[in-house]
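Reader: I would like to go through the ligand site and a few contacts elsewhere in the chain. Please take the questions one at a time.

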Amino acid sequence: MINRENLCGKALEMRDRAYTPYSHFNVGAALLCKDGSIYTGCNIENAAYTPSNCAERTAFFKAVSEGKLEFTAIAIAGGQEGAESLEYCAPCGVCRQVMREFCGDSFEIILAKSREEYQIFTLAELLPMGFGPENLDKKM
Ligand code: THU
């Protein structure tokens with residue numbers, strides 16, 4: 001069973017770690033592995049802009065680099081620094097593609113406004129007809 005409130009809470013907490021001197025848009029993510037472990041991430045910006053990394057990819061790359069390859073869900077919380085309340089922050093296209101590499105259609109993407117207020121999407125909903133590892137396996 002997924003403890004969605006806990007996952008959203010961790011994503012919200014990770015917003016405090018965001019390094020965003022350019023956008024001041026702080027995003028936190030919490031990635032639940034199939035073994036029950038959780039890897040967190042925040043966005044990390046750069047003066048040269050393009051090397052910036054989103055919170056979701058930070059969480060994925062931390063997990064994969066620690067040997068985790070199977071995932072159940074990710075919670076994402078993002079919004080302007082100092083905003084009174086959050087809007088739902090959907091993952092960018094690049095992050096959706098990184099999810100596609102490691103996750104199946106039913107992987108849950110939980111967009112959090114607070115611990116209790118969230119929307120759930122599947123990866124299939126947010127990235128229909130995606131290109132994934134299996135496309136390279138086909139002998140046609
Ligand atoms: N960002 C994320 O970290 N995740 C998202 O889902 C959307 C955007 C970051 C990238 C950049 O540091 C800032 O938010 C503004 O785009």
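Author: A polar contact is a pair of N or O atoms within 3.5 Å. The model discussed here is predicted.

Reader: Which residue has an N or O atom in its side chain 2.9 Å from an oxygen atom of the ligand?

Author: A pair of N or O atoms counts as a polar contact within 3.5 Å. An oxygen atom of the ligand lies 2.9 Å from an N or O atom of a side chain, and that side chain belongs to N43.

Reader: Which residue places a polar backbone atom 3.3 Å from an oxygen atom of the ligand?

Author: Backbone atoms take part as well as side chains. A backbone N or O atom of A55 is 2.9 Å from a ligand oxygen. The distance of 3.3 Å belongs to the polar backbone atom of A90.

Reader: How much of the ligand's exposed area does the protein bury?

Author: On its own, the ligand exposes 370 Å². Of that area, the protein buries 78%.

Reader: Where does the ligand sit, and which elements give two or more residues to the shell around it?

Author: The ligand occupies the largest pocket. Two or more residues of the shell come from each of two elements, β1 (25-33) and α2 (55-65).

Reader: How many residues of each class are in the shell around the ligand?

Author: The residues surrounding the ligand include F25, V27, E45 and E56. Val and Phe count as nonpolar and Glu as charged. By class, the shell holds two charged, two polar and eight nonpolar residues.

Reader: Which elements hold the residues of the salt bridge between R4 and E108?

Author: The whole structure has three salt bridges. In one of them, the side chains of R4 and E108 meet at 2.8 Å, N to O. The two residues are 104 residues apart, and the pair links distant parts of the chain: R4 lies in helix α1 (residues 4-14) and E108 in strand β4 (residues 108-112).

Reader: Which backbone nitrogen does the side chain of E125 reach?

Author: E125 belongs to helix α4 (residues 123-126). Its C-alpha is 8.1 Å from that of D105, with the two positions 20 residues apart in sequence numbering. At 2.8 Å, the side chain of E125 reaches the backbone nitrogen of T122.

Key: Residues are numbered from 1 along each chain as its sequence is written. This is a predicted model: local features need pLDDT of at least 70, side-chain atom pairs count only at pLDDT 80 or more; totals for chains, interfaces and linings use all residues. Side-chain values use heavy atoms; hydrogens and water are left out. A residue is near a molecule or strand if one of its heavy atoms lies within 4 Å of it. A polar contact is a pair of N or O atoms within 3.5 Å; within protein, one must be able to donate a hydrogen and the other to accept it, and residues adjacent in sequence count only if both atoms are side-chain atoms. Accessible areas come from the Shrake-Rupley method with a 1.4 Å probe; for residues, only the protein chains shown count as cover. On a 1 Å grid over the protein atoms alone, a cavity is a set of points where a 1.4 Å probe fits but cannot get out, and a pocket is an open set with protein on both sides within 12 Å along at least five of seven lines; lining residues have an atom within 4 Å of a point. A molecule sits in a cavity or pocket if more than half of its atoms lie within 2 Å of its grid points. Helices (H or I, at least four residues) and strands (E, at least two) are DSSP runs, numbered from the N terminus. A salt bridge is a side-chain nitrogen of Lys or Arg within 4 Å of a carboxyl oxygen of Asp or Glu.
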